[in-house]
Amino acid sequence: MKIPRAFLRALCLTAFALVAGGALAQQAAVPAPQPKPGQYSEKGADTCLECHADDDGVYSGSALFRSKHALRGDRRAPFGAGGLQCEACHGPGALHARNKRASAIIGFKSTGKATAAERNQICMTCHAGGTRTAWHAGTHERNEVACSDCHQVHRSHGDPMLAKARQNESCLSCHKSQRADFQKTSSHPVRQGLVACSDCHNAHGAGTPGMLARPTLNQTCNSCHADKRGPVLWEHAPVAEDCALCHQPHGSVRSALLVKSPPQLCQACHSTSGHPSVPRTPANLPGGAAGGAVFTVAGSCSNCHTQVHGSNHPSGAKLLR
Ligand code: HEC
Ligand code: HEC
Ligand code: HEC
Ligand code: HEC
Ligand code: HEC
Ligand code: HEC
Ligand code: HEC
Ligand code: HEC
Ligand code: HEC
Ligand code: HEC
């Protein structure tokens, strides 16, 4: 059975007072001993909420209580039966509740004394596994990004990671060059909030290059562009190999997120001898001496080779139909 310390203290004092008689009882009360670092507060959240009830923009008491962390029926949650409540995340806080010093509590600030790894370990005591199995192999872990750099567990507007549009904004606050990619004329509709970083990436870490959410780049793309998955009768080899041979995943200044515009795109692989690749020289442009115009204008190669991703037509071997 647990007997609260304060109660014991009061009991001792009363007993002492009874024995010693009225004289002693008139003296100043013995100051309660300072709680030691590592001690939990006696009344859990009730202690903390005496001072931290308000919404100050960074911390909202009520927001936390609307979240899954406050579910009393979930034994795994900080506020579940037997849980340590606020102190499940902030660590033992009896001393802090007395001295009000920031140094006596874990505040999840990058300027605080706890390292990113230590702060992350607190969350990981409950959240290891799931999509975080590869957390320790991930680029974010290695670069000391903390769970709380992305997640906000008690803000009144909710956790930005769990809402597509706000998640993107928050990732892009660190990833500036990717922000520029998504402004390009042809780009995945991330700015519009229709596609999220987490549709393609596992921000928690993955064994794939670029922490992709699926085992390969093509599987990632095909999870939405299923029509490109195949199999097709006449395959175009680079398509099955790697979409990124021709496309920039985030965005491009060329149409359809292309890395180069045709004919250069195609000519990067197809030799310049014979029909296929007529170099885009002045002589080959319309009216030029070599008269190869038909192969180099506008959509050029794909004017005829429309089936760049492969063809299912019986006579589509040259990707013409
Ligand atoms: C008696 C009032 C009081 C109580 C009780 C109290 N705090 Fe605080 N707390 C403060 C004050 C004041 C600050 C601001 C300290 C500063 O900025 O130097 C603070 C700061 C914090 C911070 C931010 C630390 C940082 O790194 O900036 C956290 C987190 C915190 N308290 C959590 C708790 C928890 C959890 C409890 C309950 C165990 C609790 N507090 C109980 C007064 C209190
Ligand atoms: C699930 C873990 C978790 C629980 C439970 C939790 N906190 Fe926090 N707390 C955090 C994190 C993470 C931060 C850092 C700011 C953020 O991400 O929103 C934080 C920040 C704070 C801050 C500092 C805000 C600032 O000024 O920087 C205070 C104060 C605070 N919490 C108090 C509490 C109190 C009081 C409770 C219980 C009612 C509580 N926390 C429960 C994780 C938690
Ligand atoms: C004492 C255990 C515990 C700790 C510590 C803890 N969590 Fe949780 N967390 C939970 C439980 C339980 C859930 C609900 C899971 C569910 O319903 O699947 C949850 C849910 C979440 C969710 C999903 C919320 C939603 O609405 O779906 C996020 C994000 C999260 N926690 C982040 C964190 C972060 C960040 C930390 C560290 C600052 C942390 N948690 C610390 C137990 C914990
Ligand atoms: C770089 C940003 C980022 C970091 C760092 C990060 N997360 Fe997440 N987290 C996300 C995103 C994005 C989602 C939503 C994923 C989705 O919708 O598939 C998410 C979802 C979650 C969820 C809810 C879904 C689930 O898997 O149960 C939990 C819990 C969670 N994260 C815990 C953590 C913990 C613990 C850490 C630190 C070890 C952490 N996260 C670090 C971005 C991050
Ligand atoms: C606090 C800053 C920060 C936030 C927020 C952040 N990242 Fe990162 N991220 C980094 C750092 C640092 C690196 C490693 C250096 C680099 O590649 O820029 C990185 C690397 C990456 C990489 C490259 C992985 C690799 O192995 O090449 C991807 C992908 C990534 N982040 C995605 C995301 C996504 C998705 C989000 C939002 C859910 C996000 N990041 C939020 C800091 C951040
Ligand atoms: C349509 C899928 C897709 C979306 C959406 C997406 N990415 Fe990527 N991202 C990729 C692919 C594919 C790579 C290249 C992976 C590789 O190295 O093979 C990549 C690479 C990265 C890298 C590594 C450096 C680089 O640019 O090559 C970072 C950082 C990154 N992405 C961040 C983000 C962020 C932040 C968001 C959301 C704002 C985001 N990505 C959205 C597919 C996507
Ligand atoms: C989450 C689903 C999703 C994933 C995953 C995805 N895409 Fe997309 N993709 C879209 C959406 C939505 C559009 C916009 C369609 C529109 O504007 O009509 C788009 C547009 C495109 C376009 C441009 C279409 C045009 O005509 O401008 C290309 C090319 C493309 N994606 C290639 C890729 C590649 C390559 C990958 C893998 C790296 C990929 N996509 C992964 C959803 C996705
Ligand atoms: C050999 C270069 C090449 C490769 C590899 C390639 N694409 Fe494309 N893709 C193109 C070209 C060229 C266009 C523009 C087509 C047009 O003008 O009709 C295009 C257009 C697209 C479009 C928009 C138009 C449409 O057909 O829906 C999507 C989506 C797309 N590609 C997805 C993919 C995916 C997914 C992969 C990987 C499985 C991939 N591409 C691999 C060259 C390529
Ligand atoms: C990354 C290199 C690469 C790029 C870029 C590329 N291709 Fe290909 N292409 C190949 C390979 C490899 C083959 C298969 C050659 C073989 O089977 O002999 C092929 C086959 C073809 C074929 C069928 C040839 C045959 O002999 O059956 C056509 C037509 C073709 N490509 C057109 C294009 C067009 C049009 C583009 C530009 C939109 C393009 N390719 C871009 C690598 C590429
Ligand atoms: C005016 C239509 C047209 C244009 C434009 C065109 N092609 Fe072709 N291409 C064809 C036809 C028709 C064939 C099939 C020839 C055959 O079956 O013998 C072919 C065949 C090919 C082949 C298969 C190899 C071969 O010699 O049979 C490749 C590779 C190829 N083209 C690439 C290209 C590239 C790269 C471009 C752009 C520089 C391009 N084509 C532009 C019509 C065109």
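Q: Which residues in H10 are called buried, and what makes them so?
A: In this predicted model, they are Gln167, Asn168 and Cys171. A residue earns the word when 20 or more other C-beta atoms lie within 10 Å of its own, so each of these residues of H10 passes that cut-off.

Q: How do you know that they are on the same side of H10?
A: Their arc around the helix axis is only 100 degrees, which puts them on the same side. There is a handy rule behind this: an α-helix has 3.6 residues a turn, so residues three or four places apart point the same way.

Q: What covers the buried residues of H10?
A: The cover includes H12.

Q: Which residues are closest to ligand 6, and what makes a residue part of its surroundings?
A: The closest are Cys171, Cys197, Cys200, Gly210 and Pro249, among 19 residues that surround the ligand. The test is a C-beta atom within 6 Å of the ligand, so these residues meet it. Helix H10 (164–172) and helix H12 (197–200) each give two or more residues to this shell.

Q: How many residues of the shell around ligand 6 are nonpolar, polar and charged?
A: Eleven are nonpolar, seven polar and one charged. Cys counts as nonpolar and Gly as polar.

Q: Which domains supply at least three residues each to the shell around ligand 6?
A: Domain 1 (116–211) and domain 2 (226–304) do.

Q: What is the secondary structure of the protein chain, and what percentage of its residues is buried?
A: The chain has 17 helices and two strands, and buried residues make up 18% of its 321 residues.

Definitions and conventions
Residues numbered from 1 in each chain as written. Chains lettered and ligands numbered in written order. Predicted model: local features only at pLDDT ≥ 70, side-chain atom pairs only at ≥ 80, totals over all residues. Helix = DSSP H or I, 4+ residues; strand = E, 2+ residues; numbered from the N terminus. Domains from an automatic or database assignment. Buried ≥ 20, exposed ≤ 12 C-beta atoms within 10 Å, placed from the backbone. Arc of directions from axis to C-beta. Contact = placed C-beta atoms within 7 Å.
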